[in-house]
Amino acid sequence: LILRLIALLWLFAPATASAEIRALLIGASDYDDSLRIADLAGPPNDVRLMESVLRARGVTDFVVLSDGVEGAARPTYEDILNAFDALARRAVPGDLVIVQMSGHGTQQIDQDGDESDGLDEVFLPVDSAPGPAGSGLIKNALVDDEIARLVRRVRETGADIWLIMDSCHSGSGMRAIGDKAVARFVDPEVFGIDTLAPREAHDTPPVETEEDPALPGREIAFFAAQSNELAYEISLSDDNAGQADTYGLFTAKLAARLQTREAMSYRQLFQAVLKDINDTPGSMSVRAQTPLWEGALGDAPVLGGSGVRPFAQVEVEGNKVFGGLVHGFAQGTLLALVADATSDDVIGFAQVE
């Protein structure tokens with residue numbers, strides 16, 4: 001086994017305080033059976049779990065759109081747009097807006113030429129349907145560009161936003177963790193979209209958010225999988241009990257780390273979740289999914305908390321540090337090593353040569 005360590009490099013970063021934390025939780029699971037879209041079991045559980053964890057951390061302002069959750073509205077395209085619009089109208093400078101989106105993902109034909117593979121990544125509300133014949137589009141789908149615009153609108157208010165997406169963003173390689181995992185992916189062919197034409201490989205994020213320093217609000221985005229990977233939901237019990245214990249793998253690991261209530265930055269939180277996913281049984285033999293993050297809030301304290309040490313962190317694997325001169329790793333730089341991203345207990349040192 002490869003020992004995974006985290007190297008800490010001193011970095012000064014301002015703390016962030018939030019006037020109010022507002023959460024929009026979206027769980028789409030009950031799709032149109034006539035389209036051969038398999039229903040999901042995990043999104044309602046993701047929503048309940050995140051609401052419970054966030055309430056325990058002091059959050060009281062929630063909007064929930066999820067089928068299968070009592071009292072919640074269905075996560076249709078219009079309702080999701082309206083919920084974002086309501087958040088933007090209520091948010092004020094200093095607020096933190098959390099948006100969790102769990103459900104199916106897929107791809108459709110890129111319309112504005114900003115995708116090197118010619119495909120936009122898409123989140124599917126429950127009322128998604130085929131678009132006009134031959135258009136390569138999906139009706140009522142939330143395209144990555146549109147999500148980016150919704151995020152930008154929140155940031156224009158001066159509020160910060162934490163976007164969490166637990167859905168698939170590609171159709172390559174239907175691989176699973178054992179026999180208890182289900183991919184949150186819908187083949188674009190269901191919507192009459194042909195994605196088999198040769199296209200360039202690309203390495204873009206699932207949602208290409210705009211890091212515009214001119215906007216008063218900042219962003220952090222967590223994605224359950226790369227844009228060319230699948231994201232999975234998995235039963236957490238040994239007896240495969242069914243829907244009641246099925247969660248998005250990424251959401252389950254994220255919630256578990258949030259429940260610890262340890263002071264940590266978003267960067268630390270993400271790296272801890274990534275480690276936990278790597279440690280999931282089956283993930284060493286089959287590369288299930290590789291989450292990623294982006295945004296300017298990486299070194300800010302999670303949920304506007306305090307007590308976070310101002311360190312930047314980089315993963316170490318064997319004698320390789322996943323960083324370079326741009327991260328400050330000049331010849332002779334001394335690195336402190338810790339066994340877990342959320343720990344300050346130094347277990348050793350290494351020097352760059």
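This briefing walks through the strands, helices, cores and a few individual residues of the structure above. Please keep in mind that the model is predicted. A good place to begin is strand E2 (21-27), where seven of its seven residues are buried. From there we move to two open sheets, the helices, the nonpolar cores and some residues with positive phi.

**Strand E2 and its partners**

- Both faces of E2 are covered: Ile 21, Ala 23, Leu 25 and Gly 27 are buried on one side, and Arg 22, Leu 24 and Ile 26 are buried on the other.
- E2 runs parallel to E4, and seven bridges join the two; if you would like a landmark for this pairing, Arg 22 stands opposite Val 97 in E4.
- E2 also runs parallel to strand E3 (residues 61-66), with six bridges between them, and here Ala 23 stands opposite Phe 62 in E3.
- As general background, strands of a sheet pair through backbone hydrogen bonds, in either a parallel or an antiparallel way.

**The open sheet E11-E13-E14**

- Three strands in the order E11-E13-E14 make up an open sheet with antiparallel pairing.
- Its edge strands are E11 (181-183) and E14 (246-248), each of which pairs on one side only.
- On average, neighbouring strands of this sheet are turned by 25° against each other, with direction ignored.
- E11 and strand E13 (residues 232-235) run antiparallel and are joined by three bridges; in this pairing, Val 182 stands opposite Glu 233 in E13.
- Helix H4 (residues 249-259) packs on the sheet and touches E13 and E14, with its direction at about 85° to that of E14.
- Helix H1 (residues 42-56) lies across E13 and E14 as well, running at about 75° to E14.

**The open sheet E5-E6-E9**

- Another open sheet has three strands in the order E5-E6-E9, again with antiparallel pairing.
- The edge strands here are E5 (105-109) and E9, and each pairs on one side only.
- Five bridges hold the antiparallel pairing of E5 and E6, and Thr 106 has Val 122 in E6 as its bridge partner.

**Helices H3 and H5**

- How many of the 13 residues of H5 are buried? The count is 12, so H5 is largely enclosed by the rest of the structure.
- The buried residues of H5 include Tyr 266, Leu 269, Phe 270 and Leu 274, along with Arg 267 and Asp 276.
- The length of helix H5 (residues 266-278) agrees with expectation, because 13 residues at 1.5 Å a residue should span 18 Å and the end C-alpha atoms are 18 Å apart.
- Helix H3 (residues 144-156) passes the same check: its 13 residues should span 18 Å at 1.5 Å a residue, and its end C-alpha atoms are 18 Å apart.
- Among the buried residues of H3 are Asp 144, Ile 147, Ala 148, Leu 150, Val 151 and Val 154.
- What do the buried residues of H3 pack against? Their neighbours are helix H2 (77-90) and the strands E4 (96-102), E6 (119-123), E9 (142-143), E10 (160-166) and E12 (219-223).

**Nonpolar cores**

- The largest nonpolar core has 46 residues, and those with the most contacts inside it are Leu 54, Ile 98, Trp 162, Phe 222, Leu 254, Tyr 266 and Leu 269.
- A second, separate core of 40 residues includes Phe 84, Ala 141, Val 143 and Phe 191.
- Leaving aside residues up to four places away in sequence, Ile 98 touches several residues, including Ile 21, Leu 24, Leu 54, Trp 162 and Leu 303.
- In soluble globular proteins, nonpolar side chains tend to be buried together.

**Ser 29 and its surroundings**

- Ser 29 is found in the loop between E2 and H1.
- Is Ser 29 buried or exposed? With a relative accessible area of 7%, Ser 29 is buried.
- The side chain of Ser 29 makes a polar contact with the side chain of Asp 67, at 2.7 Å.
- Besides Asp 67, Ser 29 touches Asp 39, Leu 40, Pro 43, Pro 44 and Val 126, not counting residues up to four places away in sequence.

**Residues with positive phi**

- Asn 140 is not a glycine, yet it has a positive phi of about 65°; it sits in the loop between strand E8 (138-139) and E9, and at 22% relative accessibility Asn 140 is partly exposed.
- Leu 303 has a positive phi near 60°; its place is in the loop between strand E15 (292-295) and strand E16 (311-317), and Leu 303 is buried, with a relative accessible area of 9%.
- Gly 158, just after H3, takes a positive phi of about 95°.

Note on methods: Residues numbered from 1 in each chain as written. Predicted model: local features only at pLDDT ≥ 70, side-chain atom pairs only at ≥ 80, totals over all residues. Heavy atoms only, no water. Pairing = 2+ DSSP bridges. Helix = DSSP H or I, 4+ residues; strand = E, 2+ residues; numbered from the N terminus. Axes fitted to C-alpha atoms, helices over the stretch in contact; angles between N-to-C directions. Contact = heavy atoms within 4.5 Å. Expected span 1.5 Å × (residues − 1). Buried < 20%, exposed > 50% of the residue type's maximum accessible area, 1.4 Å probe, protein only. Polar contact = N/O pair within 3.5 Å; in protein donor to acceptor, adjacent residues only side chain to side chain. Core = buried A, V, L, I, M, F, W, Y, C linked by side-chain atoms within 4.5 Å.
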